[in-house]
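Here are a few exercises to work through with the model open beside you. Try each task before reading its solution.

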Amino acid sequence: MRRPGRGAGLALARWLPPALVLLAALAGWEAAARLGWLPLTVARPSAVLRLLAAEYAGLLAELAPTLFAAAWGYLLALAVALALGSLAYLYKSLEGTVLTVGAVFNSIPIIAIAPALIIWLGLSLSTRVAITAVVCFFPLLIAFVQGLNTRRATAAELFTVLAATPLQRFRLLALPGALPYLFMGMKITAPFALLGALVGEWTGAESGLGVVMLNAMFGLQVDRLWATVLLACVVSTAAYAYVCLLERLALPADLREGEAV
């Protein structure tokens, strides 16, 4: 039986060293900036935090459309990856085609495909959602397909003896076994979703955190630029943590700590 407080102690031991390293790095950064050892384009952490405290309402308002595009693009990529991955499993002749198309999309730099999407969809929310979906799609597809093709020998033999149909094998054997791999892909791509939304805003948008970044960069507003970068990092970390929480709620511990981890 686990002793009371042991879980909290293990969590503290896990997170304390990285936290101390981060605090030490920030303290060194602050000291170096105050001593004039860093270029003027590198803001002091204290100045960035003061700006965040003073303008948090405006920055959060600009963050809202970015999060909206990131969330919808992520969900679109997840839905397409699940659909194509399922087809590739059920119809093996399609697997090579699906993976090849995904690899081709993944090999195109997003900054190169963004102008084509703008010409096609215009400067709209749909463009930013599409860019986000393209960024997130391939890692999700690869993780899901790999999970579906991970066979458990004993269970597979049992399904063969019971003369299970391909659909039953998919629903009862392959899909549950693929969930740990899928969640791994979801954790990897959760921060990518925000990146895709920012790239979409950089290519053309009226509002959003990416627009604030561009305006701050061209206006030489160093503190505001670093504040938006810090806010983007916090949101990306929160997205990763949210997917980790979903994984913990959806999967038993033996699957979270199994082969896919």
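**Exercise 1: Confidence**

Over which residues does pLDDT stay under 50, and how many contacts beyond four places in sequence does the model have for them?

Solution. Start by keeping in mind that this is a predicted model. For the chain as a whole, the mean pLDDT is 82, and 82% of the residues reach 70 or more. Next, look for the stretch under 50: it covers residues 257–261, and the model has eight contacts beyond four places in sequence for this stretch.

**Exercise 2: The nonpolar cores**

Find the largest nonpolar core and say which elements give two or more residues to it.

Solution. Begin with the core itself, which has 27 residues; Tyr74, Ala77, Cys136, Leu140, Leu141, Met186 and Val243 are those with the most contacts inside it. Then turn to the elements: helices H2 (45–90), H5 (125–148) and H7 (166–202) each give two or more residues. H5 supplies the largest share, nine residues. Now zoom in on Leu140: leaving aside neighbours within four places in sequence, Leu140 touches Ala77, Leu78, Ala81, Gly185, Met186 and Thr189. Finally, look for another core apart from this one; it has 15 residues, including Leu52, Leu198, Ala227 and Leu231.

**Exercise 3: A leucine at the surface**

Is Leu22 buried or exposed?

Solution. First place the residue: Leu22 sits in helix H1 (residues 6–34). Its relative accessibility is 52%, and the cut-off for exposed is over 50%, so Leu22 counts as exposed. Then look around it: Leu16, Leu20, Leu22, Leu23 and Leu26 make up a nonpolar surface patch, with about 460 Å² of accessible area together.

**Exercise 4: Salt bridges**

Count the salt bridges, then compare partners within one helix with partners in distant parts of the chain.

Solution. The count is five. Take Glu30 and Arg34 as the local case: their closest N and O atoms are 2.7 Å apart, and both residues lie in helix H1, four residues apart, about one turn of the helix. Glu30 is buried at 13% relative accessible area, whereas Arg34 is exposed at 55%.

Next comes the bridge between Arg224 and Glu55, with closest N and O atoms 2.6 Å apart. This pair links helix H9 (residues 222–250) to helix H2 across 169 residues, and Glu55 is partly exposed at 29%.

Then check Glu247 and Lys187, which meet at 3.0 Å, N to O. Here H9 is linked to H7, with the partners 60 residues apart, and both are buried. Last, follow shared partners: Glu30, Arg34 and Arg44 are joined into one network.

Technical notes. Residues are numbered from 1 along each chain as its sequence is written. This is a predicted model: local features need pLDDT of at least 70, side-chain atom pairs count only at pLDDT 80 or more; totals for chains, interfaces and linings use all residues. Side-chain values use heavy atoms; hydrogens and water are left out. A nonpolar core is a set of buried Ala, Val, Leu, Ile, Met, Phe, Trp, Tyr and Cys residues joined through side-chain atoms within 4.5 Å. Buried means under 20% relative accessible area, exposed over 50%, partly exposed in between (1.4 Å probe, protein chains only). Contact means heavy atoms within 4.5 Å. Patches are made of residues with over 30% relative accessible area and no salt bridge: like charges are joined within 9 Å, nonpolar side chains (Val, Leu, Ile, Met, Phe, Trp, Tyr) within 5 Å. Accessible areas come from the Shrake-Rupley method with a 1.4 Å probe; for residues, only the protein chains shown count as cover. A salt bridge is a side-chain nitrogen of Lys or Arg within 4 Å of a carboxyl oxygen of Asp or Glu. pLDDT is the predictor's confidence in each residue, from 0 to 100.
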